[in-house]
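Please look over the structure shown here before reading on. A short briefing on its parts comes after it.

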Amino acid sequence: MTKTVTDVICPFCGTLCDDLEVVVSDDGKELLEVYNACAIGAEKFLHSQAKDRITRPRMRQEDGSWKEISYDEAVDYTAKMLADAKKPLMYGWSSTNCEAQSVGSEIGEAVGAVMDNTATVCHGTSLIAVQDIGIPSCTLGEVKNRADRILFWGCNPAHAHPRHMSRYSIFPRGFFTGKGHTGRKVIVIDPRPTDTASLADVHLQVEQGRDYELLSAFRIAFRGEQLPDVVAGIPKEQIYEAAETLKSGRFVIIFFGMGVTQSLGKNHNIDIAIAVTRDLNEYTKAAIMPMRGHYNVTGSGQVWGWLYGFPYAVDLSRGFARYNPGETTSNDLLRRDEVDAVFVLGSDPGAHFPFSSVKKIYDRPAVAIDPHETPTTEVCNVHVPVAFVGVETGGCAYRMDNVPIETRKVVEPPEGMMTDEEFLKHVLARIKEIKGE
Amino acid sequence: MAEYLIKNGFVFDPVQGIKGDKTDVAIKDGKIVATTALSSPKVIDAAGKTVMAGGVDVHAHVAGPKVNAGRNFRPEDKLFGYKAQTGIERMQGGFSVPTTIRTGYNYARMGYTTVMEAAMPPLYARHTHEEMRDTPILDQGAYPVFGNNWFVLEYLKNHEIENAAAYIAWLLRATKGYAVKVVNPGGTEAWAWGLNCDNVHDPVPYFDITPAQIIKGLIEANEYLGLPHSMHMHANNLGNPGNYTTTLDSFKLSEGIKPNSKFGRDQVMHHTHVQFHSYGGDSWANVESKAKDIMAYVNSHDNITIDMGQVTLDETTTMTADGPFEHHLTELNHLKWANTDVELETGSGVVPYVYSPSIKVCAIQWAIGLELALLANDPMRVFMTTDHPNAGPFIRYPRIMKWLMSTEAREQQFDAFKHKDKVIDATNLAGIDRELDLYEIAQMTRAGPAKALGLAHMYGGLAPGLEADVAIYDFNPNEPYAPDDIETAFGSAEHLFKTGVQVVRDHEIASNGNKRTLWVNAKVNENPQVMRDVKEKFLRYYTVTLNNYEVTGHYLPNPYVIEVDATQ
């Protein structure tokens, strides 16, 4: 016999779908099938069942090989590394629950660490823009129930957030949107002809790196002022027409992704995209939302928000919280040799940071906490495998619209495996011992 | 637990009618007891000092999504305001929107022990509870917002009070909420289309119901359930010149309704931050105080309580579920604007604001708030708040005490205004020479709010049987003092006990206490229609499933449940 668990939350992307069904064996030890998930989400669940999964901490030996160690030894190594360091970097925090983020923050306070999450290479620029100009936004249900103008800017949900369009943005029939996608106009702005663009009514193929100019042109077009014949590779007629489409909507939503946050202009692109949204509120109702990547990167920004007042790049090394992106951001710290130990949990900087930063991780004591083997674990001294949050343990996660959802435990982790939160609690206790508290 | 005897202090306790007499206060097992019940207490010498119950804040925005939006989008609010980790105190930061840790400590430093979060968007209830969980010392509860909720709009359109009540009971349980909050009824739903409801008769788009129907219906549903607190109201038309008529219209909707609650409150409507709702004139050029009209109504209707929403003349961060108002504000001051509309439920906005003593309107707002308190006949029905952080941060409560207790302090402030004469012309304050005493302050900050919350059986006084929440201030009311002495003494309690635990000792935080989260579990008759409507709306319109909605478990590690039986 098998059991079906319903209303399961998918711990993959910021869409945080909560309608999955998972079939597990009667003893709750084996996960057999996943329904309603996208291909990526299903794979995340199924991957937890891999037979060759690493279930015990490992320490790298002189010759580069791994040696299995106990969790106690891993706790001890991690605690000593953090306690001995003058200024450790504690990075990641996006693929774990808020409870682990919370304990991790206490550790960060105890050892004077710099706490940073994946926003540092993703939507950190959006967070800076919000600090400049604010952000008129909404929950995804408002999009589903009201939005009749959908604009995707520099993002490709067809691949990165596969169920976003069917659950929230393009296709669903909501309260005031009973016609589903036929009642909506979809505009995609992207230099690439993406699969998302192929679903759009209008695809404006902006010249790469010219997003700011095009956004600026929208603001001019809203006001009926004169544009040059071509802006950012788009003929002015198309810009006027798209501007009119937006203004004539009842409810406009702009979703944006890494195409604008990490291309030329960075936070300034988001600044003006938010200004476009503010402008639209003079004519109709408009909202804007970052397409957050990891399923709980948003949550780590919230936890640090209420503990320290900053959403990322939080430097606790002086005994109080400081925030200065460019100085207290991970890559800047690594490349300037300002941190002397690296702790990674819930992210894979080995795969996503510049090679010059990854080399720095390799050069100093480093611990990676991750259920998987990743490029990051390959450059760390100790790898601590843990239970999958949202699969083998629950905990709170924040969707891209900041809505918190309690994830579910659907199967038991392999015997004797710790969760992120348990491991961190042990580390915190050990650090307190070391510090003589 | 340790026993304490607080000896020889000047006690101010409206619950027992003690007006500064030398009285001993005994603490045992977390409660106030008769002094004879102690065996070997630790004695605290309070001779020459003021002793009061722990403060109770009826309305502050201290936890939840918009508070955190305010923190995260204002790094400048942390500048020069951080406090390093020392002893048992964790890192703290923030001025107008302090971190949760600082929120708990700063309230405790002022001698406050109970604080109600004034607006919880139901879909974000988990977030609100996570922040309250991480706010040390204080007992807290949160008010879910109902005034723009689709269920409520649909039920009340047809005056289905029983269904509205069943839904309220369900949502209080699902969100672990404490009371029925109403913010700009109908107006925030209208804001989802960029519109607003400007007065109580302005219909809500599509839903075809007026704010008046929502207000009256929610009062009736609240009394149908007999909840501890009354309906908690933020009326339409906040912050606009001439809005006092809307406020009076809203008040009047409570006429003829009597409280039905075994929790001892006398009001059926608590109207919050009334300062923002007491403006005359028809533009910012001729805005004037209508506090006299407002208080004439409040004084003659004992089924209403209010709180001040006192402007403190600081740079602060405004935040409210009144989405259209925040948009209006950003158009006025051109500062950054955050907004979140919440599916089927509510909305919210956040905008920084500088209440400058050099701006006439800000000074007028300052005067109006004080007038409300000084014109009150019954301080048990008019409470001290700043609508933190909207009119100013809560850490200014001692300064407000100073203004309320001293005409000299008010005159000093008038003299500091750039447009002193215009402010005096537009307000009544200069002609009011009333100075409140500490007994009245204790009514406005302890006994009054506790009673209005339906928590007089726990908080607000020093009678045996109540929770041992006791504050001792280094202030001798019988010696001459300068106005600033009030602010200094009440800004830093010498000792504070929360449920019998000493959390402040010699002005320093001594314990993180045993924080509790209060929520109301109202039992109603089974209501299949409401449960069907709930299922239907979750299936079709919400983006989370019904089974993932309810807040349970680790979000409330130390819950305190108040049971209400409304089955009949």
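The notes below go topic by topic, from the chain contact to single strands and a helix.

The model is predicted. Chains A and B touch, with 52 residues from chain A and 46 residues from chain B in the contact. Chain A is assigned three domains, numbered 1 to 3. In chain B, a UniProt annotation from an unreviewed entry, "domain: Amidohydrolase", covers residues 42–479.

**Where the chains meet**

- Four elements of chain B each supply at least two residues of the side that touches chain A: α1 (65–72), α2 (100–109), α3 (125–133) and β16 (337–342).
- Six residues come from β16(B), the largest share of that side.
- By class, the side of chain B that touches chain A holds 18 nonpolar, 16 polar and 12 charged residues.
- β16(B) also pairs across the chains: it runs parallel to strand β8 (residues 134–138) of chain A, over five bridges.
- In this pairing, A:P136 has B:N339 of β16(B) as its bridge partner.
- In general, strands of a sheet pair through backbone hydrogen bonds, either parallel or antiparallel.

**Domains of chain A**

- Domain 1 spans 2–47, domain 2 joins 58–121 with 295–434, and domain 3 spans 124–290.
- The centres of domain 1 of chain A and domain 2 of chain A, taken over C-alpha atoms, are 25 Å apart.
- Their contact draws 17 residues from domain 1 of chain A and 15 residues from domain 2 of chain A.
- On the domain 1 side, β1 (2–8) and β2 (20–25) of chain A are the elements that give two or more residues.
- That side of domain 1 of chain A has 11 nonpolar, three polar and three charged residues.

**An open sheet in chain A**

- Five strands form an open sheet with parallel pairing, in the order β11-β10-β9-β14-β15 (chain A).
- β11 (202–204) and β15 (285–290) of chain A are the edge strands, and each pairs on one side only.
- From one strand to the next, the twist averages 15°.
- Inside this order, β9 (residues 149–153) and β10 (residues 185–189) of chain A run parallel and are joined by five bridges.
- A:R149 stands opposite A:K185 of β10(A).

**A buried strand in chain A: β18**

- Why is strand β18 (residues 341–345) of chain A described as largely enclosed by the rest of the structure? Five of its five residues are buried, so the rest of the structure largely encloses β18(A).
- The cut-off behind "buried" is 20 or more other C-beta atoms within 10 Å of a residue's own.
- A:A341, A:F343 and A:L345 point one way from β18(A), while A:V342 and A:V344 point the other way.
- Strand β6 (residues 88–92) of chain A pairs with β18(A) in the parallel sense, over five bridges. Here A:Y91 has A:V344 as its bridge partner.
- Strand β19 (residues 366–369) of chain A also pairs with β18(A) in the parallel sense, over four bridges. Here A:L345 has A:I369 as its bridge partner.

**A buried strand in chain B: β14**

- Strand β14 (residues 304–307) of chain B is covered on both faces.
- B:I304 and B:I306 lie on one side, B:T305 and B:D307 on the other, and all are buried.
- Strand β11 (residues 269–271) of chain B pairs with β14(B) in the parallel sense over three bridges. The bridge partner of B:H271 is B:I306.
- Two bridges join β14(B) to strand β18 (residues 382–383) of chain B, and these strands run parallel. The bridge partner of B:D307 is B:F383.

**The annotated stretch and helix α4 of chain B**

- Over residues 42–479, chain B is 35% helix and 17% strand.
- The end C-alpha atoms of that stretch are 27 Å apart.
- Which residues of helix α4 (residues 150–157) of chain B are buried? They are B:F151, B:V152, B:L153, B:Y155 and B:L156.
- The cover over the buried residues of α4(B) includes α5 (161–175), α6 (187–191), α7 (211–225) and α17 (528–540) of chain B.
- Just after α4(B), B:H159 takes a positive phi of about 55°.

Technical notes: Residues are numbered from 1 along each chain as its sequence is written. Chains are lettered from A and ligands numbered from 1 in the order in which they are written. This is a predicted model: local features need pLDDT of at least 70, side-chain atom pairs count only at pLDDT 80 or more; totals for chains, interfaces and linings use all residues. Two residues are in contact if their C-beta atoms, placed from the backbone, lie within 7 Å. Ala, Val, Leu, Ile, Met, Phe, Trp, Tyr, Cys and Pro count as nonpolar, Asp, Glu, Lys and Arg as charged, and the others, Gly among them, as polar. Two strands pair if DSSP finds at least two bridges between them. Axes are lines fitted to C-alpha atoms, for helices over the stretch in contact, and angles run from 0 to 180 degrees between N-to-C directions. A residue is buried if 20 or more other C-beta atoms lie within 10 Å of its own, exposed if 12 or fewer, and partly exposed in between; C-beta atoms are placed from the backbone. UniProt positions are given in the numbering used here, feature names are shortened, and annotations may be inferred rather than shown by experiment. Domain bounds come from an automatic or database domain assignment.
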